[in-house]
Amino acid sequence: MILVTGASGLLGSNLVLTGKKTGRTMGTVTNRHRIRLSGVPDWQLDLTDAAAVRGLIRQAKPEVVIHCAAQTNLDAAETDPHGTACINVEVPRVLAAAAAEFGSQFVYPSTDAVFDGTRSMNVEGDPVRPLSVYGRTKYDGEVACAKANPGTLIARINIYGWNAQAKQSLAEWMLSKLEAGESFPGFTDVYFCPMLVNDFADVLFAMLDHRLSGIYHVCGSERISKYDFAARIARAFGLDDGKVQRASVHDSPLIAQRALDISMSTGRVTAAIGRPMPSVQQGLRRFAMLRETGFLSELKAMVGE
């Protein structure tokens, strides 16, 4: 069994549904939003309860634990550093230790926000210097998990996709604005390597099949600005890319400091699993197809209140 925590979020829900559709045995851990998917057991648990976490791993005996539960809102993290550290550092440390104790592989999805934006296409050995509470806690989580469980697989990511819940990923927010015919800002001075969450799921499962551990950068193959990404979304869905207004992140009301270039090289993971990471165009084509073919409807239906 592959046990996914935070299974009702963007990453967790797509991992679970993608895994089930590809014949993998999945299990889920949720808090408020239960998972309703035939053949997939769901455990409702407070992950801050260390004894309960250890008891669950002992009971479920998963082959793999993928820890998707996290505080990922950069601005919210900035206003609550203590709570964010609990969720992004202490909870995964306890889970990683429990996984090691009961013989489970542990996966910690991390972030490109561990970098300060002063270089392009960062590789795994480059020095980290996170600028935000979110980035610092995710890096601290990497260190804590690797110490508690030396076999931990750490995947630094930047994902977008369809959400099972009402909240929107960056791409969903951009698309909703475009479909409503509304103008919105696109940052011309922020660069990243976005990856569709379902493409990440496919790559992660391949990494598990190859029994990888350590740090890998798992993202799209292209470095692109937020502005250009929004324009590509418009074109992929046949919408007006003129609604994307050129803007600078320095003029935005965001609270947390954002690095200007968090692009990452995917050479290591490509060599490890023997396949290239998808391009922006490939990801957006699949993003559109998932809505057209009913995957999005299935995703929404599997998450309860």
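The chain exposes about 12700 Å² of surface, and carbon and sulfur atoms supply 49% of that area. Accessible areas come from the Shrake-Rupley method with a 1.4 Å probe; for residues, only the protein chains shown count as cover. This is a predicted model: local features need pLDDT of at least 70, side-chain atom pairs count only at pLDDT 80 or more, and totals for chains, interfaces and linings use all residues. Residues are numbered from 1 along each chain as its sequence is written, and side-chain values use heavy atoms, with hydrogens and water left out.

**Overall build**

Of the 305 residues of the chain, 55% count as buried. Buried means under 20% relative accessible area, exposed means over 50%, and partly exposed lies in between (1.4 Å probe, protein chains only). The radius of gyration is 18 Å, which agrees with the value near 19 Å for a compact globule of 305 residues. That radius is taken over C-alpha atoms, and the globule rule is 2.2 Å times the number of residues to the power 0.38. The C-alpha trace spans about 55 × 40 × 40 Å along its principal axes.

The secondary structure comes to 11 helices and 13 strands. Helices (H or I, at least four residues) and strands (E, at least two) are DSSP runs, numbered from the N terminus. Contacts here are heavy atoms within 4.5 Å. Among contacts between residues at least 6 apart in sequence, 77% join residues at least 24 apart.

The chain has 32 positive and 31 negative charges, and their mean positions are 4 Å apart. Lys and Arg count as positive, Asp and Glu as negative; His and the chain ends are not counted. Each charge is placed at NZ of Lys, CZ of Arg, CG of Asp or CD of Glu.

**Residues with side-chain polar contacts**

A polar contact is a pair of N or O atoms within 3.5 Å; within protein, one must be able to donate a hydrogen and the other to accept it, and residues adjacent in sequence count only if both atoms are side-chain atoms. Three examples follow.

| Side chain of | Backbone atom | Distance |
|---|---|---|
| Thr-152 | oxygen of Asn-149 | 2.7 Å |
| His-217 | oxygen of Asn-122 | 3.1 Å |
| Glu-222 | nitrogen of Val-280 | 2.9 Å |

Thr-152 sits in the loop between helix H5 (133–148) and strand S6 (153–157). Why does Thr-152 count as buried? Thr-152 is buried because its relative accessible area is 3%. Leaving out residues up to four places away in sequence, Thr-152 touches Ala-96, Gln-105, Phe-106, Tyr-108, Cys-145, Ala-146, Ser-213 and Gly-214.

His-217 lies in strand S11. At 0% relative accessibility, His-217 is buried too. Beyond four places in sequence, the residues that His-217 touches include Phe-115, Asn-122, Glu-124, Arg-156, Met-264 and Val-269.

Glu-222 follows in the loop between S11 and strand S12 (224–225). Glu-222 counts as partly exposed because its relative accessibility is 25%. Again leaving out residues up to four places away, Glu-222 touches Phe-192, Cys-193, Pro-194, Arg-232, Ser-279, Val-280 and Gln-281. Glu-222 and Met-121 are 101 residues apart in sequence, yet their C-alpha atoms are 9.3 Å apart.

**Positive phi in loops**

Most residues other than glycine have a negative phi. Which phi does Lys-61 have? Lys-61 has a positive phi of about 50° although it is not a glycine. Lys-61 is in the loop between helix H2 (50–60) and strand S4 (64–67). With a relative accessible area of 62%, Lys-61 is exposed.

Arg-211 also has a positive phi, near 55°, and is a residue other than glycine. Its loop runs between helix H7 (197–209) and strand S11 (214–217). Arg-211 is exposed, at 71% relative accessible area.

**Two sequence-to-space separations**

Ile-159 is in strand S7 (residues 159–160). The C-alpha atoms of Ile-159 and Gly-220 are separated by 8.7 Å, with their positions 61 residues apart along the chain. Ile-159 also touches Leu-10, Leu-11, Met-195, Val-197 and Phe-200, not counting residues up to four places away in sequence.

Gly-125 lies in the loop between strand S5 (105–111) and H5. Gly-125 counts as exposed because its relative accessibility is 71%. How many Å separate Gly-125 and Leu-37, C-alpha to C-alpha? They are 40 Å apart in space and 88 residues apart in sequence.
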